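Subject: Structure for you to look at

Dear colleague,

I am handing over a structure that I would like you to open alongside this message. Please take your time with it, and then read on with the viewer still in front of you.

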Amino acid sequence: MTDFSPTTGAIRFLLNDREVRLDTVGPTTTLLDFLRIERRLTGTKEGCAEGDCGACTVLVGRLMGDRLVYEGVNACIRFLGSLHATHVVTVEHLAARDGTLHPVQQAMVDYHGSQCGFCTPGFVMSLYGLWLSKDNPGRADIEKALQGNLCRCTGYEPIVRAAEAVAKARPDAVFDPILSTREIVRMTLTAMRSDETIAIGPEEARLIVPGTVEALAETLATHPDATIVAGSTDVGLWVTKQMRPINPVVFITGLAELQGIEETPEGIRLGAGVSYSAAFSTLSQRFPAMAGLLDRLGGDQVRNMGTIGGNIANGSPIGDTPPPLIALGAELTLRSREGRRTLPLEQFFLAYGKQDRQPGEFVESLFVPSLPAGEHFAVYKISKRRDEDISALCGAFRLALSDNGTVTAVRIAFGGMAGTPKAARAVEAALIGKIWSEETVMAARPAFDEDYQPLTDWRASAAYRALTAKNLLLRFFLETTGAASQLVRFEAAE
């Protein structure tokens, strides 16, 4: 059994052009509070304290293998314990020492992209992250990069025009504080990496950063009630909004062993620490329907922080990834000091707030089988806002047909319709063996009432959810048969 002393090691990271070393830090101290209160870097603003408005956006550079990657994150829900061996860049670092503005900042001035200015630093950092990562981004790229930034008074068009203008200035043609020091930073962060476990603080307020997956398993065996923090896109709100105690806290953000993506003809294996952004390319290529879902999962900052494993382990009935993963037949691997066990993802969710995770276990990886040739797959997210909103319900559909149009296999799963993400077994039974037709679909719709008894809350009423789920089955039928495109063409002609 591991016995951690009150302080073993320290959190080390780069902040702009200075190294930070913390051997005394609270497990729930946010990066935003540290920047504003401790370092007086007040360009980073607090707007919502829940990762929605983007006013607190900073860039965090981290090593992915030997590559140094910078991503926009929400400082208001990012804890200091997750920053070991990273490079934090704030808006104060962009301008040159003589006061010359960075091209991204200057474009915001030239195109009048700011009025009151409160949200402007967050917009600048989001656009700076885009400028660094993509040459000459188009309007769709810009709008996606700004999904996680809200402005009350300026209007987005001047901000988009500023982004379009600065896109023409190639990063390698401009002096830039990150590009000019990238190799030095990469070597510095590499030197900060260690297999040693960091433990800071007394038992009642302990921060633990395991150096390896083996150390993580040992840590959880010693502290089975610890809160595991990966992206903190949910846990951050437990602290900032609900004031929930979550001690002790185990940070797994830096564990490279949990961030692997392995592709084989049989399927994809994702480490539990793979972020939505990192998984996007692989998942959207194998399952194109997933692209639209992941693009609507929060803003860029949330997608850069949040992880596939965290979305599953949290067990929320309105998590967006479990329904499509259940429909695809995904399998979950759990690990502890005693070993591993694998189970179908659907079986992991037992009841509201309860998952099949034994004391000392953690989600290690997820395997998603390849979709056989000829099968249909779709996923639909229903929310009040298109972007940056939590689902009222999310439905996923998978279908295999015989040569004569008979349903040979079907999987349907929903979130937001029950206390857990749940398959629609009665609806599936009503479809299997039948000809895939509108009559079959309409006859199967009442079976939704056997599978789900949704609740009414501020996102949607029970009646709305029940009717929408039935309508999504009809939509899936229309799309798989081509009738939906015919209807669109007919309406356009009219």
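What follows is an account of how some helices pack and of the spaces found in the structure. Please keep in mind throughout that this is a predicted model.

**Helix 3 and its neighbours**

A good place to begin is helix 3, which covers residues 120-133, and which packs against helix 5 (residues 156-166) at an angle of about 30 degrees, with the two axes 11 Å apart. Because angles under 35 degrees count as roughly parallel, helix 3 and helix 5 are described as roughly parallel to each other. The crossing of helix 3 with helix 5 is right-handed, and the residues that make the contact are Phe123, Leu127 and Trp131 on helix 3, together with Tyr156, Ile159, Ala163 and Val166 on helix 5. When these residues are sorted by class, the contact of helix 3 with helix 5 turns out to have 7 nonpolar residues, with no polar and no charged ones.

Helix 3 also packs against helix 2 (residues 103-110), here at an angle of about 130 degrees and with the axes 9 Å apart, and helix 2 and helix 3 are therefore oblique to each other. This crossing, too, is right-handed. From helix 2 the contact involves Val104, Gln105 and Met108, while helix 3 brings Thr120, Phe123, Val124, Leu127, Tyr128 and Trp131. By class, the contact of helix 2 with helix 3 has 7 nonpolar and 2 polar residues, and no charged ones. If you compare the two lists, you will find Phe123, Leu127 and Trp131 of helix 3 in the contact with helix 5 and again in the contact with helix 2.

**The cavities**

How many cavities of 30 Å³ or more are there? The count comes to 3, and two of them are described here.

The largest cavity has a volume of about 170 Å³. It is lined by 15 residues, and those nearest its centre are Arg62, Arg78, Thr253, Asn304 and Met305. Strand 4, strand 5 and helix 11 each supply at least two residues of this lining, which by class holds 5 nonpolar, 7 polar and 3 charged residues.

The second largest cavity, with a volume of about 70 Å³, takes us back to the helices above, since its lining includes Leu127, Trp131, Ala163 and Val166. Helix 3 and helix 5 are the elements that give two or more residues to the lining of the second largest cavity, and helix 3 gives the most, with 3 residues. By class, this lining has 8 nonpolar residues, 1 polar residue and 1 charged residue.

**The second largest pocket**

Finally, please look at the second largest pocket, in which about 820 Å³ of space lies. Of the 29 residues that line this pocket, Tyr70, Ser133, Ser277, Asp300 and Asn304 are the closest to its centre. Among the elements that give two or more residues to the pocket lining are strand 4 (57-64), strand 5 (67-74), helix 3 and helix 11 (300-305). The lining residues of the second largest pocket divide into 12 nonpolar, 8 polar and 9 charged. Asn304 is worth finding in your viewer, as it is listed among the residues closest to the centre of this pocket and among those nearest the centre of the largest cavity.

With best wishes

Key
Residues are numbered from 1 along each chain as its sequence is written. This is a predicted model: local features need pLDDT of at least 70, side-chain atom pairs count only at pLDDT 80 or more; totals for chains, interfaces and linings use all residues. Side-chain values use heavy atoms; hydrogens and water are left out. On a 1 Å grid over the protein atoms alone, a cavity is a set of points where a 1.4 Å probe fits but cannot get out, and a pocket is an open set with protein on both sides within 12 Å along at least five of seven lines; lining residues have an atom within 4 Å of a point. Grid points are joined across faces, edges and corners, and a volume is the space filled by probe spheres set on the points. Helices (H or I, at least four residues) and strands (E, at least two) are DSSP runs, numbered from the N terminus. Ala, Val, Leu, Ile, Met, Phe, Trp, Tyr, Cys and Pro count as nonpolar, Asp, Glu, Lys and Arg as charged, and the others, Gly among them, as polar. Axes are lines fitted to C-alpha atoms, for helices over the stretch in contact, and angles run from 0 to 180 degrees between N-to-C directions. Angles under 35 degrees count as roughly parallel, over 145 as roughly antiparallel, 65 to 115 as roughly perpendicular and the rest as oblique. A crossing is left-handed if the near helix is turned anticlockwise from the far one by less than a right angle, and right-handed if clockwise. Contact means heavy atoms within 4.5 Å.
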